[in-house]
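User: Please walk me through this model in short questions and answers. Keep it brisk.

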Amino acid sequence: MNYKEYFKKLIEVATNRSDEFPQNKIFNHSRNNCYTNHFIYEGFVYSFVISSSKSRIFGKSFEGVIVEFLIDDESNGDSYFNQLKQFKMNIEESFDNTIIYWRAKQEGDNSNRYRIYAKMKADIKDTKNWDIYIKWQIDTMIKFLEVLPKYTAQLRKRVNNIIYPDEIIENNDVDLLEGVKKRVIVNSYERNSEAREKCIKHYGYSCSVCGFDFEKEYGEIGKQFIHVHHLIPLSEIREEYKVDSIKDLRPVCPNCHAMLHRKNPPYTIDDLKSIIKK
């Protein structure tokens, strides 16, 4: 099959319709003759794909064209993929008659990606139908870029603004005494920034669960960003005590922090590591 020529034409059409893409972005070359270079928008990856009968990812013996949204496993993929599935019904309803597929990474996959995609049966050898295939892919990609960022933005906002019962916030006190209740909407505990600083100075800014490092991934804007998790829930202590920044605290990314608090009492860090390995 002449994938290279197909993608050449697809990219030409996409370039002519670049004003329909966010920031006038286009898919400017193909890779490995089966998919275009990845287009990164709002921190996530989108791509055009051709699936051959040998592909295991898009269904046994499926031959056709694909539009896909990717979540990288190395960026805590399983956690983000499952959180995004909270919006599954809303996302699918936004696509009218287009069927949306959700594919978690399978055991033994060579790929480290989690996928949300749409597919259309197509015979790439039949060049007279290329215009139909290309129009479908570009129209569907534009719809992906219209719909999915709404939900990834909601998810990012939700993750970034969760008030965790153990997250250390800024406080001008210098003593490391914790446990003084105050009333906001629910009971929470006074925090101390020095405890946070000592914890991070010891453990660094990488997540203690998944190893994610915001600066490595996002550059300058991710520098010195991390949550701090309390190993012993403060609600169980119920008294003023002197926190041990090394024994009692661990740096964790917001995704893992959210997952640690999916039950009460929270999962342990080792619990969550085991879940990720599965």
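Analyst: A contact means heavy atoms within 4.5 Å. This is a predicted model, in which local features need pLDDT of at least 70, side-chain atom pairs count only at pLDDT 80 or more, and totals for chains, interfaces and linings use all residues. Residues are numbered from 1 along each chain as its sequence is written, and side-chain values use heavy atoms, with hydrogens and water left out.

User: Which residues does R115 touch, not counting residues up to four places away in sequence?

Analyst: R115 lies in strand β7 (residues 113–121). Strands (E, at least two residues) and helices (H or I, at least four) are DSSP runs, numbered from the N terminus. Leaving out residues up to four places away in sequence, R115 touches I57, F58, E68, F69, L70, F81, Y101, W102 and R103.

User: Is R115 buried or exposed?

Analyst: Buried means under 20% relative accessible area, exposed over 50%, and partly exposed in between (1.4 Å probe, protein chains only). The relative accessibility of R115 is 8%. R115 therefore counts as buried.

User: What is the length of the polar contact that joins the side chains of R115 and E68?

Analyst: A polar contact is a pair of N or O atoms within 3.5 Å; within protein, one must be able to donate a hydrogen and the other to accept it, and residues adjacent in sequence count only if both atoms are side-chain atoms. The side chains of R115 and E68 form such a contact, at 2.8 Å.

User: How many helices and strands are in the chain, and what share of the residues is buried?

Analyst: The chain holds nine helices and 13 strands. Among contacts between residues at least 6 apart in sequence, 60% join residues at least 24 apart. Of the 278 residues, the buried share is 45%.

User: Which residues of α1 are buried, and on which side of α1 do they lie?

Analyst: Helix α1 (residues 3–16) has 14 residues and spans 20 Å from first C-alpha to last, close to the 20 Å expected. The expected span is 1.5 Å times one less than the number of residues. The buried residues are Y3, Y6, F7, L10, I11 and A14. They cover an arc of only 130° around the axis (taken from the directions from the axis to the C-beta atoms), so they lie on the same side of α1.

User: Which residues are exposed on the other side of α1?

Analyst: An α-helix has 3.6 residues a turn, so residues three or four places apart point the same way. On the other side of α1, the exposed residues are K8 and N16.

User: Which parts does the salt bridge of D131 and K9 tie together?

Analyst: A salt bridge is a side-chain nitrogen of Lys or Arg within 4 Å of a carboxyl oxygen of Asp or Glu. In the pair D131 and K9, N to O is 2.7 Å. D131 lies in helix α4 (residues 130–161) and K9 in helix α1, so the bridge ties together parts 122 residues apart in sequence.

User: Where does R17 lie, and is R17 buried or exposed?

Analyst: R17 forms a salt bridge with D139, with the closest N and O atoms 2.8 Å apart. The pair links helix α4, which holds D139, to the loop between α1 and β1 (30–31), which holds R17. D139 is partly exposed at 29% relative accessibility. R17, at 18% relative accessible area, is buried.

User: Which residues do salt bridges that share partners join into one network?

Analyst: The whole structure has nine salt bridges. The network consists of R17, E20, K135 and D139.
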